[in-house]
Amino acid sequence: MKASKINRREFIKQSAVTGAGAGLTLGLSNRARASNVEYDRNDSPNERITIGFIGVGARAQDVMDDVLNLPGFEVVAVCDAYQGRIQRAVERTGGRAKVYKDHRELLAAPGIDAVYIGTPDHLHKTHAVAALEAGKDVYIEKPLTYTVDDGLEIIAAIKKTGRILQVGSQNVSSPIQMKAKEIIESGRLGQITMIRSTTNRNTAGGAWIYPIPPDANEQTVNWEMFLGNAPKHRFSLERFFRWRCYKDYSGGIATDLFVHTMTTIHYVMGAQAPECVMAAGDLYRWKDSRDVPDTLNAILQYPEGFTVNLSATFNNQSASERSIEILGTKGTLAIGRELTLTPENPIDDNGWIVGSWPRSLEEAYYKDPKIRETEMPQRWDPKVIQTEESWRGLGRNSTALHFESLQKAIKERKQPVEDVFAGHRAAAVAHMINISASKKKPVYWDRSRDSVKA
Ligand SMILES: NC(=O)c1ccc[n+]([C@@H]2O[C@H](COP(=O)([O-])OP(=O)(O)OC[C@H]3O[C@@H](n4cnc5c(N)ncnc54)[C@H](O)[C@@H]3O)[C@@H](O)[C@H]2O)c1
């Protein structure tokens with residue numbers, strides 16, 4: 001099938017009109033519809049957003065590939081604490097990105113409109129606030145924060161500077177999640193009282209024991225730059241390359257994995273934050289490589305009238321595909337790589353109860369038309385029951401779409417889909433989970449302060 005050619009502005013306009021329909025297909029029948037869009041790459045240079053990368057690690061290099069393919073952005077600057085990553089980022093840009101010593105030098109350089117922040121979590125606030133105060137718009141990786149208070153400081157910086165900030169749980173820009181939101185808002189799931197999600201892994205890489213590059217040493221790695229305001233510690237390549245394993249730099253499972261889930265749940269449910277969080281977990285197996293839990297369970301209670309169960313372990317890989325199940329009285333919506341709506345078709349069977357009644361009463365019971373409607377076997381008839389529907393996202397990935405959301409926000413000077421509040425609250429849930437698990441106590445949210453109750 002021939003691809004249709006449209007320019008970027010038309011595409012954004014079209015996406016806004018078709019909303020969740022763009023890039024989404026129902027079942028297999030319309031499969032060809034989604035990805036037949038090609039960009040006109042002749043954007044005028046003065047419409048391009050020049051972007052500098054603070055931190056060009058594993059995630060940033062993936063993101064850079066997407067950004068380099070997006071018309072409207074130009075990667076002009078990079079900085080990092082490890083030489084190997086700088087080298088690879090410069091290679092990726094075909095030598096076009098200029099290298100800066102650190103984030104301060106990069107932020108002071110002329111000609112940079114926006115920055116991508118892909119540093120470890122404990123540095124996010126420092127880099128975000130410095131970028132906002134330097135007048136840059138920002139795309140910052142999830143989790144927005146390392147502590148709840150970090151979030152309040154970044155919110156204050158946004159209010160002060162008026163800059164645009166997008167947080168990087170990119171899946172909320174995917175057509176799948178937009179469609180999920182639309183289905184939930186339409187009421188098709190009935191009353192939703194429970195949501196659950198599990199992410200399990202059972203490999204060293206899955207547990208963040210990543211390979212360390214053979215050329216990494218005290219000459220190629222800037223340890224002080226990595227530490228920032230974190231507690232002083234002797235040089236450690238394990239800490240530098242596997243920082244998710246250590247509380248000094250990361251909130252572990254909660255901030256790495258649950259944050260994506262919580263961003264989606266808040267987005268599709270139109271919810272802000274749970275009123276109460278209870279969690280349990282510990283470090284049971286990977287004791288030599290970390291100080292964060294390898295198993296974590298959390299229960300969240302929302303004032304909007306639903307609860308959430310989250311769980312993750314690095315010690316078993318059943319339920320390894322992260323999907324979020326939204327359980328309603330009329331149907332279940334599973335949000336993952338695809339979206340599946342399974343209607344409830346509730347059928348009652350009180351036969352074992354009325355079978356204990358006198359025969360005449362049992363017979364009378366089944367003559368009642370209301371009972372025949374809800375309990376008789378013909379209710380299983382495939383012509384009567386509602387069947388499953390599924391949608392698949394095809395074509396462009398959610399990171400590219402999330403950057404386009406940022407681009408639109410920058411042009412219109414309106415905050416994008418995952419603004420500072422969304423990022424702050426999703427990360428705050430993760431921090432509440434960690435506080436609850438470590439103190440073995442419930443933790444409460446204070447909506448008036450947008451923070452944890454003292
Ligand atoms: N959105 C997603 O799907 C997704 C996926 C993976 C990671 N992430 C997030 O991206 C961020 C980075 O994760 P990663 O897996 O790429 O980690 P990484 O360790 O591969 O990358 C971090 C990079 O930051 C560099 N760095 C450290 N201190 C620095 C400083 N002071 N200034 C500049 N650079 C510095 C490191 O050298 C490293 O290259 C994290 O916040 C993580 O949660 C998001």
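Let me begin with the chain as a whole: of its 454 residues, 41% count as buried, and I should say at once that what we are looking at is a predicted model. The chain holds 15 helices and 19 strands, and among its contacts with a separation of 6 or more, residues 24 or more positions apart account for 73%.

I will turn now to the sheet. Six strands form an open sheet with parallel pairing, and reading across the sheet the order is β6-β5-β4-β7-β8-β9. The strands at the edges are β6, residues 98–99, and β9, residues 165–168, and since each has a single partner strand, one side of each is left without a neighbour in the sheet. Further in, strand β7, which covers residues 114–117, pairs with strand β8, residues 137–141, in the parallel sense and over four bridges; within that pairing, V115 has V138 of β8 as its bridge partner.

Two helices that pack on this sheet deserve a mention. Helix α2, residues 58–68, touches β4 (49–54), β5 (73–79), β7 and β8, and its direction makes about 155° with that of β5. Helix α14, residues 398–412, also packs on the sheet, where it touches β4, β5, β7, β8 and β9, and its direction makes about 170° with that of β9.

Helix α2 brings me to the ligand. Which residues come nearest to the ligand? Of the 27 residues around the ligand, they are G55, G57, A58, R59 and E141. The elements that give two or more residues to this shell are α2 and α8, the latter being residues 223–227, and α2 gives the most, with three residues. In terms of chemistry, the shell divides into 11 nonpolar, eight polar and eight charged residues.

Next, a pair of helices. Two packed helices are described by the angle between their axes and the distance between the axes. For helix α7, residues 175–186, and helix α10, residues 252–269, the angle is about 40° and the axes are 8 Å apart, and α7 and α10 are therefore oblique to each other. On the α7 side the contact is made by Q177, A180, K181 and I184, and on the α10 side by T264, Y267, V268 and M269; these residues divide into five nonpolar, two polar and one charged.

Let me move on to strand β18, residues 443–446, whose side chains alternate along the strand: V443 and W445 point to one face and are buried, whereas Y444 and D446 point to the other and are not. Strand β11, residues 276–282, runs antiparallel to β18 and is joined to it by two bridges, with V277 standing opposite V443. Two bridges also join β18 to strand β19, residues 451–452, again with the strands running antiparallel, and here D446 has S451 of β19 as its bridge partner. The hairpin of β18 and β19 has four residues between the strands, and in this hairpin D450 takes a positive phi near 55°.

Finally, a single residue in a loop. K101 is found between β6 and α4, the helix of residues 103–108. Is K101 buried or exposed? K101 has 10 other C-beta atoms within 10 Å, and is exposed because the cut-off for that class is 12 or fewer. The C-alpha atoms of K101 and D80 are separated by 7.7 Å, although these two residues stand 21 residues apart along the chain.

How values were computed: Residues numbered from 1 in each chain as written. Predicted model: local features only at pLDDT ≥ 70, side-chain atom pairs only at ≥ 80, totals over all residues. Pairing = 2+ DSSP bridges. Contact = placed C-beta atoms within 7 Å. Axes fitted to C-alpha atoms, helices over the stretch in contact; angles between N-to-C directions. Parallel < 35°, antiparallel > 145°, perpendicular 65-115°, else oblique. Nonpolar A, V, L, I, M, F, W, Y, C, P; charged D, E, K, R; others polar. Buried ≥ 20, exposed ≤ 12 C-beta atoms within 10 Å, placed from the backbone. Near = placed C-beta within 6 Å.
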